[in-house]
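Trainee: I would like to go through this model and ask why each label is used.
Mentor: Go ahead.

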Amino acid sequence: MNDVLYEFLDEFVVVYLDDIVIFSQCMDEHVVHLDKVLRRLKEHELFVKKEKCEFASSEITFLGHLVSFGQVRMD
């Protein structure tokens, strides 16, 4: 995943093994970032499991933490 998404890492993507987090300042920007990541995955014949995805969430659980705008808390 790091090799496939290297161009986006730490700019608007964080990857841990097969987990991908896309972060953005606003929804319009998020749609653009999401499109870039999904296109890159498709180019490399990689796919996401729809049931494991969360889109346009203001708070997510990632590696045992609750992550939201400007905050990281223990889950």
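Trainee: How many of the residues count as buried in this chain?
Mentor: The model is a predicted one, and of its 75 residues 24% count as buried. The cut-off for that label is under 20% relative accessible area.

Trainee: What makes the overall size of the chain agree with a compact globule?
Mentor: A compact globule of 75 residues would have a radius of gyration near 11 Å, and the chain has 12 Å, so the value agrees. Taken along the principal axes, the C-alpha atoms fill a box of roughly 35 × 25 × 25 Å.

Trainee: What is the secondary structure of the chain?
Mentor: There is 1 helix and there are 5 strands. Along the sequence they follow the pattern β-β-α-β-β-β.

Trainee: How do you know what confidence the predictor has in these elements?
Mentor: From pLDDT, which runs from 0 to 100. The chain has a mean of 89, with 100% of its residues at 70 or more. Among the elements, helix 1 has the highest mean, 95, and strand 5 (residues 71-74) the lowest, 78.

Trainee: Why does the span of helix 1 agree with its number of residues?
Mentor: Helix 1 covers residues 27-43, and at 1.5 Å a residue its 17 residues should span 24 Å; the end C-alpha atoms are 24 Å apart, so the two agree. Glu 45, which follows the helix, has a positive phi, near 55°.

Trainee: Which residues of helix 1 are buried?
Mentor: His 30, His 33, Leu 34, Val 37, Arg 40 and Leu 41. Seen down the helix axis, these buried residues fall within an arc of 130°, so they line one face. In an α-helix, residues three or four places apart point the same way because there are 3.6 residues a turn. Asp 28, Val 31, Arg 39, Lys 42 and Glu 43, on the other side of helix 1, are exposed.

Trainee: What covers the buried residues of helix 1?
Mentor: The cover includes strand 1 (13-16) and strand 2 (19-22).

Trainee: Why is Arg 40 called buried?
Mentor: Its relative accessible area is 13%, and the label needs a value under 20%. Therefore Arg 40 counts as buried. Not counting residues up to four places away in sequence, Arg 40 touches Val 4, Leu 5, Tyr 6, Glu 7 and Phe 8.

Trainee: And why is His 30 called buried?
Mentor: The same cut-off of under 20% applies; His 30 has 14%, so it is buried. With residues up to four places away left out, His 30 touches Ile 22, Ser 24 and Ala 56.

Trainee: Why does Met 74 count as exposed?
Mentor: Exposed means over 50%, and Met 74 is at 64% relative accessibility, so it counts as exposed. Met 74 lies in strand 5. Leaving aside neighbours within four places in sequence, Met 74 is in contact with Gly 64, His 65 and Leu 66.

Trainee: Which residues make up the largest nonpolar core?
Mentor: There are 10: Val 4, Leu 5, Phe 8, Phe 12, Val 13, Val 15, Ile 22, Leu 34, Val 37 and Leu 41. Strand 1 and helix 1 each supply at least two of them, and the largest share, 3 residues, comes from helix 1.

Trainee: What is Phe 12 in contact with, leaving aside its neighbours within four places in sequence?
Mentor: Phe 12 is in contact with Val 21, Ile 22, Phe 23, His 33, Lys 36 and Val 37.

Methods:
Residues are numbered from 1 along each chain as its sequence is written. This is a predicted model: local features need pLDDT of at least 70, side-chain atom pairs count only at pLDDT 80 or more; totals for chains, interfaces and linings use all residues. Side-chain values use heavy atoms; hydrogens and water are left out. Helices (H or I, at least four residues) and strands (E, at least two) are DSSP runs, numbered from the N terminus. The expected span of a helix is 1.5 Å times one less than its number of residues. Buried means under 20% relative accessible area, exposed over 50%, partly exposed in between (1.4 Å probe, protein chains only). The arc is that of the directions from the helix axis to the C-beta atoms. Contact means heavy atoms within 4.5 Å. A nonpolar core is a set of buried Ala, Val, Leu, Ile, Met, Phe, Trp, Tyr and Cys residues joined through side-chain atoms within 4.5 Å. The radius of gyration is taken over C-alpha atoms; the globule rule is 2.2 Å times the number of residues to the power 0.38.
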